[in-house]
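Got the viewer open? Let's walk through this one stop by stop, with something to select at each.

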Amino acid sequence: MDGKNIWPFLTGEKKVADKRSMYWKTGQAYAVREGNWKLLVHRNSGQTELFNLENDFRKTRNLRESHPEKVKHLMNMMVGFQKGDR
C-alpha cells in the first residue's frame, strides 16, 4: 500500500502540506485534497463542498460557487482516484 506520514503536518511540526494529492472516503463522504484545497462530496445527497484550508481550516465557508473551475478540477481528480479504488 502506498502511503505518506502526515503526522508532522497534523501536529504543526510542518506548516505546509506536501504537493502530493490525497483521496479518502468515509461512510458519509468522499474527499480529495490538493495543496490547500479540499473537496468533499457527500455520499447520500451528492452535495459538494470546497474549502481553502489555508484561510479556513475549520471548514466554515463553502467556496463551491465562487471557484467552479477548482471544483471541476478536483472532481476530475476524484474520479481518477475512484477508478483505481475498485
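Start by selecting strand 4, residues 48–52. Both of its faces are covered: Thr 48, Leu 50 and Asn 52 sit buried on one side, while Glu 49 and Phe 51 are buried on the other. That makes five of its five residues buried. Keep in mind that this is a predicted model. Colour by pLDDT and strand 4 is where confidence is highest, at 97.

Now add strand 3, residues 37–42. Strands 3 and 4 pair in the antiparallel sense, with five bridges between them. To check the register, pick Leu 40, which stands opposite Glu 49 of strand 4. Then follow the chain around the hairpin: there are five residues between the two strands, and Gly 46 has a positive phi near 75 degrees.

Time to zoom out. How many helices and strands does the protein have? Two helices and four strands, laid out along the sequence as α-β-β-β-β-α. Of the 86 residues in the protein, 26% are buried. The average pLDDT is 87, and 87% of the residues score at least 70.

Next, select strand 1 (22–25) together with strand 2 (residues 29–34). Here is another antiparallel pair, joined by four bridges. The two strands form a hairpin with three residues between them. For a register check here, Lys 25 stands opposite Tyr 30 in strand 2.

Stay on strand 1 and show side chains for Tyr 23, then add Phe 81 from helix 2 (residues 68–83). The structure holds one aromatic pair. Stacked or edge-to-face? Tyr 23 and Phe 81 have ring centres 5.5 Å apart and planes at 5 degrees, so they count as stacked. The pair links distant parts of the chain, with the two residues 58 apart in sequence. Switch on a surface and compare the partners: Tyr 23 is buried, at 19% relative accessible area, whereas Phe 81 is partly exposed, at 30%. Tyr 23 makes the buried class because the cut-off is under 20%.

With the surface still on, select Ile 6, Trp 7, Leu 10, Met 22 and Trp 24. Together they make a nonpolar surface patch of about 500 Å². Where does the patch get its residues? Helix 1 (7–10) and strand 1 each supply at least two of them. Click on Trp 7, which belongs to helix 1: its relative accessibility is 57%, so Trp 7 counts as exposed.

A word of caution before you measure distances around there. Helix 1 is where confidence is lowest, with a mean of 75. Where pLDDT is low, the predicted coordinates should not be read in detail.

For the last stop, jump to Arg 64 and Glu 65. How many salt bridges are there to find? The count comes to one, and this is the place: the side chains of Arg 64 and Glu 65 meet at 3.2 Å, N to O. Are the partners buried or exposed? Glu 65 counts as exposed, at 63% relative accessibility, while Arg 64 is partly exposed, at 27%.

Terms used: Residues numbered from 1 in each chain as written. Predicted model: local features only at pLDDT ≥ 70, side-chain atom pairs only at ≥ 80, totals over all residues. Heavy atoms only, no water. Patch = residues over 30% accessible without salt bridge, like charges linked within 9 Å, V, L, I, M, F, W, Y side chains within 5 Å. Areas by Shrake-Rupley, 256 points an atom, 1.4 Å probe, with all protein chains shown as cover. Salt bridge = Lys/Arg side-chain N within 4 Å of Asp/Glu carboxyl O. Buried < 20%, exposed > 50% of the residue type's maximum accessible area, 1.4 Å probe, protein only. pLDDT = per-residue confidence, 0-100. Phe/Tyr/Trp six-rings, centres within 6.5 Å; stacked < 30°, edge-to-face > 60°. Pairing = 2+ DSSP bridges.
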